[in-house]
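Here is a short briefing on one protein model. It covers a pocket, two residues and a helix.

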Amino acid sequence: MNTEFHIEALFAATHSVAVSVEATDWATIVMLYDALLRLKPSPVVALNRAIAVSKVDGPERGLEEILAMADASRLDEYPFYWAAQGELQTSAGRLSEARTSFERAHSVARNDAERNHLQGRIEAMAEA
């Protein structure tokens, strides 16, 4: 029987054998998120799945997945929801939207480390 712990172990194993982020077997990661969503559905799991989808099918597809998420409004105060959108928008060349997403992420950041990182992303958008 598979539990969320088995799936998390498979995530770790899949990431640990990859020699780089680019070489990660993202299709397997998406499949694992599909399984995790069946066992333990949550907006954060769906967000992480959308990010993995973007690694397989590109940033626009990842953004589509984020926008289609059920219960996405539960993540309005979650900085990584907005930061993920910002990263995918940046990758898709949608820099104005990315800046807005990073600003929103910054406004709900929970600590100085998050705020500093997000401020750097905002400044990078200003330079682009």
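## Pocket, residues and helix

In this predicted model, 16 residues line the largest pocket, and I51, F80, A83, A84 and E87 lie nearest its centre. The pocket holds about 360 Å³ of space. Two residues, R49 in helix α3 and A83 in helix α5, are described below, followed by α3 itself.

**Largest pocket**

- Three helices each supply at least two lining residues: α3 (43-57), α5 (79-91) and α7 (112-127).
- Helix α5 gives the most to the lining, with seven residues.
- By class, the lining has nine nonpolar, four polar and three charged residues.

**A83, close-up**

- A83 is among the residues that lie nearest the pocket centre, and its helix is α5.
- A83 has 12% relative accessibility, so A83 counts as buried; the cut-off for buried is under 20%.
- Leaving aside neighbours within four places in sequence, A83 is in contact with F102, A105 and L118.
- A83 and G120 are 37 residues apart along the chain, and their C-alpha atoms are separated by 12 Å.

**R49, close-up**

- R49 is a residue of helix α3.
- Its relative accessibility is 18%, so R49 counts as buried; again, the cut-off is under 20%.
- The side chains of R49 and D34 are joined by a polar contact of 2.4 Å.
- Not counting residues up to four places away in sequence, R49 touches V30, Y33, D34, L37 and E65.
- D34 therefore appears both as the polar partner of R49 and in the list of residues that R49 touches, while R49 itself counts as buried at 18% relative accessibility.

**Helix α3**

- The buried residues of α3 are P43, V45, A46, L47, R49, A50, A52, V53 and S54.
- These buried residues pack against α2 (26-39), α4 (59-67) and α5.
- Helix α3 has 15 residues; at 1.5 Å a residue, they should span 21 Å.
- The end C-alpha atoms of α3 are 20 Å apart, which agrees with the expected span. The expected span is 1.5 Å times one less than the number of residues, which means that 15 residues give 21 Å.
- Just after α3, G58 takes a positive phi of about 100 degrees.

**Where the topics meet**

- Helix α3 supplies at least two residues of the pocket lining, and its buried residues pack against α5, among other helices.
- Helix α5 gives the most to that lining and contains A83.

Key
Residues numbered from 1 in each chain as written. Predicted model: local features only at pLDDT ≥ 70, side-chain atom pairs only at ≥ 80, totals over all residues. Heavy atoms only, no water. 1 Å grid on protein atoms, 1.4 Å probe; cavity = no way out; pocket = protein on both sides within 12 Å on 5 of 7 lines; lining within 4 Å. Points joined across faces, edges and corners; volume = space filled by probe spheres on them. Helix = DSSP H or I, 4+ residues; strand = E, 2+ residues; numbered from the N terminus. Nonpolar A, V, L, I, M, F, W, Y, C, P; charged D, E, K, R; others polar. Buried < 20%, exposed > 50% of the residue type's maximum accessible area, 1.4 Å probe, protein only. Polar contact = N/O pair within 3.5 Å; in protein donor to acceptor, adjacent residues only side chain to side chain. Contact = heavy atoms within 4.5 Å.
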